[in-house]
Amino acid sequence: MAVVKTTPTMVSIPNHFCPGCGHGILNRLIAEVIQEKGYEKKTILTLGVGCSCNMNGSWNGDKIQTAHGRAASTATGVKVARPDLLSIAYQGDGDAYVIGLAETLNAAYRSEPITVFVINNNNFAMTGGQMSWTTMPGQVTTTSAHGRDTSLTGMPIRVPEIAATFPDVAYVARGSVHSAKEINRLKGYVRNAIEAQLNGEGYALVEVLCQCPTNWGMSVEKSIQWMEKEVVPYYELGELKGRRK
Amino acid sequence: MKKMWKGNHAIAEAAMRAGCEFYAGYPITPQTEVGEYLSSRMPELGRRFLQAENEMSAIYMIFGAYACGMRSMTSSSGPGFSLKQEGIAYLCANNFPSVLVNVQRWGPGLGTLDSSQTDYLRDTRGGGNGDYRVIVYAPNSIQETVDLMYNAFDVAEKYRNPVEILSEAALGQMMEPVEFPPFKERKEDLGWTFDGTDRPHGRIDNPGKPGALRAKVEAIMANEQRWENYMVEDADYVFVAFGLPSRTSRNAVDLLREQGIKAGLIRPITVWPFPFDAFKEIPGTVKGIISVESTDAGQLVEDVALATKRMCRGNVPVYGLFSGQKIPKTKEIVTYVNGILSGENKEVF
């Protein structure tokens, strides 16, 4: 029997991401899982500042645009007011791990019953490619023009590993959109992170490694190769904290 | 029957009576008792208290909850209230209501724990980036704090704008007899809030924003000015003072009148919108307007000068008594007026 795949309603509007960007893939996976659960009219997405802002024009569902770094706090407030709804924070690494590191870790520490998705593309993409805490050693960005010198700026940050150490956190995983195989795995992580909230298990975080050809100054193909060679070995993929059975 | 209540506890209980369902905040002297009280009171009523990791996080929790229509508030003081300014700008940008409490302490930076009014200009002018205003109530007694808090959520929701209670350290810490209004609850849907269905949120797109802000500001200025005048109609010298300095200023009016000096008092209850209309009662024979405030270099005096220019004929001199990190004493105020009469004290504007 032929399998018919339709576009999930929440990503039915064309997005505004750059060609080759991986954001759209994560958008679609989240939309698919929400639709699977029947939550299209019962979800509030809190958008961070950065490339996530693009979703104001394309995410076909309820969404709140919050301030840079404050999505975890905003999504916490949403969940307090509407525990019956799905409260999701959608952020980039600059938003969640740099300016919003306090909010991200504190929400995880308290195990706020929200789901947080963080796109990690190793740079501040919306402002034109500056260094992030996730920028790889030696990586050239507009604010690490000679390559990131980690002796001055620190090694790339691994927030999911930290969040996974908090005793009350329900679910933590890191996926990637650089291959079909990883996209399929990521779908499972997205599903777990959403189910964890729907079942009242607590805080869930999924980080998603994502190519950024525009700001990396590479073709899509080169970007994927660079991710496989440099990023994935440092940012190990898989579940860092599985759901309690 | 009236009972003795501490200011910070009373404002917290009044918020409960007004239907507040959610509080998020971070401790800072001299407002810590607001959160402490609510941490025990709110669970009793099946409501939610959340101790946030910092003041910024707290304001965004309120932002998220009020986006969904839940009556929510936060409180702080000094540098803590400064940290909330970014979030207040976001609340205003989105036309979200909210109730904020600032129990002022003196000075910039860490400042001190002394009672003061040194946040006046920031709080009446918006405080964050962009053009917006927060409706600011400045009570001068604990009963009035309770009464203003009781209406704060209704006003915030009516205009879809934050409402702030601008208190002072001493007003938060002292005790006075208080009577509380009954519990109330807003049951109806506000219509625009986030509920997952992506219904219209009354969002105003960019080209329309300046006009919409102007219309809102004009409506609030027209409808929400509140004040109390005392012996203004025949006064030669009119004090303008809000909060605790208004209490000693009122005493000074009585003392000066005993000395044969016709003094009066305009007490703004809303400091934004500033009660320009209160100045209508000032007689044409007035000799001077005197701003009495717990600031260092004068803040309220700027609004007093603007109101005097708009509402009084001629070039009426505007003086300022700035008491710094304490409440001006009645005697100091009387002495200051005598200094005006002797020509020793000069006008500010």
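Contact here means heavy atoms within 4.5 Å. With that in hand I started at B:T145, which touches B:I11, B:P139, B:I165 and B:L171 when residues up to four places away in sequence are not counted.

Ground rules, before I go on. I am working on a predicted model, where local features need pLDDT of at least 70, side-chain atom pairs count only at pLDDT 80 or more, and totals for chains, interfaces and linings use all residues. Residues are numbered from 1 along each chain as its sequence is written, chains are lettered from A and ligands numbered from 1 in the order in which they are written, and side-chain values use heavy atoms, with hydrogens and water left out.

**Entry 1: B:T145**

I looked up where B:T145 sits and found it in helix α7 of chain B. Helices (H or I, at least four residues) and strands (E, at least two) are DSSP runs, numbered from the N terminus. B:T145 has a relative accessible area of 4%, so I put it down as buried. My cut-offs there: buried is under 20% relative accessible area, exposed is over 50%, and partly exposed is in between (1.4 Å probe, protein chains only). Its side chain reaches the backbone oxygen of B:S141 at 2.7 Å.

**Entry 2: where A meets B**

Next I went to the interface. Chain A puts 29 residues into the contact and chain B puts in 26 residues. Between them the two chains bury about 2,100 Å², 59% of it on carbon and sulfur atoms. Buried area is the accessible area (1.4 Å probe) that two parts lose on being put together, summed over both. Which three residues supply more than any other three of the area that chain A buries against chain B? I got A:D62, A:R70 and A:V80, with 24% of that area.

For polar pairs across the interface, I noted 7 residue pairs in polar contact, both residues at pLDDT 80 or more. A polar contact is a pair of N or O atoms within 3.5 Å; within protein, one must be able to donate a hydrogen and the other to accept it, and residues adjacent in sequence count only if both atoms are side-chain atoms.

I then sorted the A side by element. β1 (43–47), β2 (62–65), α2 (71–81) and α4 (101–110) of chain A each supply at least two residues of the side that touches chain B. The most comes from α2(A), with 7 residues. By type, that side of chain A splits into 8 nonpolar, 11 polar and 10 charged. The classes: Ala, Val, Leu, Ile, Met, Phe, Trp, Tyr, Cys and Pro are nonpolar, Asp, Glu, Lys and Arg are charged, and the others, Gly among them, are polar.

I also checked 2 salt bridges across this interface. A salt bridge is a side-chain nitrogen of Lys or Arg within 4 Å of a carboxyl oxygen of Asp or Glu. I noted the one between B:E53 and A:R110, at 2.7 Å, N to O.

How enclosed is α2(A)? Largely, by the rest of the structure, because 11 of its 11 residues are buried. Among them are A:K79 and A:V80.

**Entry 3: salt bridges elsewhere**

Over all chains I have 40 salt bridges. One of them pairs A:E32 with A:K187, the closest N and O atoms being 2.9 Å apart. This pair links distant parts of the chain, with A:E32 in helix α1 (residues 23–37) and A:K187 in helix α7 (residues 180–198) of chain A, 155 residues apart. A:E32 is buried at 13% relative accessibility, and A:K187 is buried at 18%.

A:E207 and A:R174 meet at 2.8 Å, N to O. A:E207 is in strand β6 (residues 204–209) and A:R174 in strand β5 (residues 171–176) of chain A, so this salt bridge ties together parts 33 residues apart in sequence. The relative accessible area is 0% for A:E207 and 0% for A:R174, so I logged A:E207 as buried and A:R174 as buried.

**Entry 4: cysteines**

I finished with disulfides (a pair of cysteine sulfur atoms within 2.5 Å) and found 0 over all chains. B:C68 is in none, the nearest cysteine sulfur being that of B:C20, 15 Å away. Why is B:C92 not bonded to B:C20? Because its sulfur is 18 Å from that of B:C20, the closest one, which is too far for a bond. B:C68 is buried at 9% relative accessibility, and B:C92 is buried with a relative accessible area of 9%.
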